[in-house]
Amino acid sequence: MVSFNVKPQGRRLCAALLFLTASPSAALANNIEIFGQLTIRAVDELEPIKTSIDDWGSQFNEGERQWIRARAELGFRVNQWELSFFNRALADLRMNEEAVAFYGKIARGESFESGQQIPVSVQAESFTAEGLRLGYRFTSDTLVVRTGLSVFRSDYLYSGSLDGTFSTTEGDTFDLQAEVDYLYHRDILLRRPNVEPATGTGFSLDVHATWQAMPGLRIELGAEDLAARIRWRNAPFTRATANTERRSTGDAGFSGLQPTIEGVEGYRPRYTQRLSPKFDGALELGEGTFRPRIELVHQFDDTYAGIGGVLASTNAHRFGLMLYPKYNSVGFLLKFSQFSAELSADDVDERKIGAVSLSLSFGY
């Protein structure tokens, strides 16, 4: 999993913004509006999220995806112009379902049939970043549009793929032959020692709009990481064929993977990582207290929908209940004046949660 890492210059900027927040008279005198948000969305089809954090792979059985997007932001607005500091993280892992089920057996030390050929295909993208966003907010009686340009410094790079085959033999043993082509912060696959991690600089565009198209029809649209790129310098990489065997070792169970590598490893002076954009939209119908609501989200080449309703006295005071069938999740949304909160999960037991979303914001 990934974590936030705020550098000293980021802490200084946050302290300045918090000082403004704590000084309403100064903010009012200078026509400054403070805004901020914390957003975390995570889906783990392979096992509960807590298990992935504590013991990755031990409950793999089915599914194909693990992903997380997280962002913390604090900023101010002057005459519709916005400037904010943010810290964000992204990770996207995709793995074919046959390999997921087989790896789960390996991680748990379970027996498997001999003579099997199990294809394995893994793709991964991740990074963490901190930076600045310059934005503009347009408002009218029926339309609010926010757009911005973000520039940021990045680390914790993973980008690439592994494609190959597990071959099972007798005695609960297997061989793995795979083509590996990936860049990394730390070589977790083939254990390359003494790696110097890369640093990168990136940029992205975003746009969000809320439009009261007509009485009884409210439209929300958003797009993040448009035309987004991170340019990495001196990125460690491995491009090779890996062959490995794993043998049972008495009472201790299985020994670790001991790969033999034929290929190239080194550092790429320049590497460009292209980020997957995220799109979302929502429709609210009706003018009464209860308004049906439909949501649609597309990210990491995956799409899911939500359906529910909102109780609203005004657009500034709202309570909603949403269902997300694809992930068996239930969500709540609350808006009161400048503050809003959203929470959804597929279980109330933290040990079983595989899909969760949390969003807290003010001043938007």
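Colleague: How should the relative accessibility of Ser337 be read, as buried, partly exposed or exposed?

Modeller: Ser337 counts as partly exposed because its relative accessibility is 35%. Buried means under 20% relative accessible area, exposed means over 50%, and partly exposed lies in between, with a 1.4 Å probe and protein chains only as cover. The model is predicted, so local features need pLDDT of at least 70 and side-chain atom pairs count only at pLDDT 80 or more, while totals for chains, interfaces and linings use all residues. Residues are numbered from 1 along each chain as its sequence is written, and side-chain values use heavy atoms, with hydrogens and water left out.

Colleague: Where is Ser337 found, and what is its phi?

Modeller: Ser337 is found in the loop between strand S14 and strand S15 (339-345). Helices (H or I, at least four residues) and strands (E, at least two) are DSSP runs, numbered from the N terminus. Ser337 is not a glycine, although its phi is positive, at about 55°. Asn194, likewise not a glycine, has a positive phi of about 55°. Asn194 belongs to the loop between S6 and S7, and its relative accessibility of 72% is why it counts as exposed.

Colleague: How is strand pairing read, and which strand pairs with S4 over 22 bridges?

Modeller: Two strands pair if DSSP finds at least two bridges between them. Strand S4 (residues 117-139) pairs with strand S5 (residues 143-169) in the antiparallel sense. A hairpin through three residues joins these strands, S4 and S5. For Val122, the bridge partner in S5 is Leu162.

Colleague: Which strands are joined to S5 by 12 bridges?

Modeller: Strand S7 (residues 199-214) is antiparallel to S5 and joined to it by 12 bridges; Thr147 stands opposite Val207 of S7 there. Strand S6 (residues 173-184) also runs antiparallel to S5, again with 12 bridges, and Ser161 has Asp181 in S6 as its bridge partner.

Colleague: Gly200 is in strand S7; is this residue buried or exposed?

Modeller: Gly200 is buried, because its relative accessible area is 0%. The C-alpha atoms of Gly200 and Gln273 are separated by 9.4 Å, with these positions 73 residues apart along the chain as the sequence distance. A second such pair is Pro325 and Asp346, 21 residues apart in sequence and 9.7 Å apart in space, C-alpha to C-alpha. Pro325 sits in the loop between S13 and S14 and is exposed, because its relative accessible area is 56%.

Colleague: What forms the nonpolar patch on the surface?

Modeller: Patches are made of residues with over 30% relative accessible area and no salt bridge, joining like charges within 9 Å and nonpolar side chains (Val, Leu, Ile, Met, Phe, Trp, Tyr) within 5 Å. A salt bridge is a side-chain nitrogen of Lys or Arg within 4 Å of a carboxyl oxygen of Asp or Glu. Areas follow the Shrake-Rupley method with a 1.4 Å probe. Here the patch includes Leu283, Leu285, Phe290, Ile294 and Phe332, and its residues together have about 1,100 Å² of accessible area. At least two residues come from each of strand S10 (278-285), strand S11 (290-299), strand S12 (302-314), strand S13 (317-324) and strand S14 (329-336).

Colleague: Where in the fold is Leu285 placed, and is this residue buried or partly exposed?

Modeller: Leu285 is in strand S10, and its relative accessible area of 40% is why it is partly exposed.
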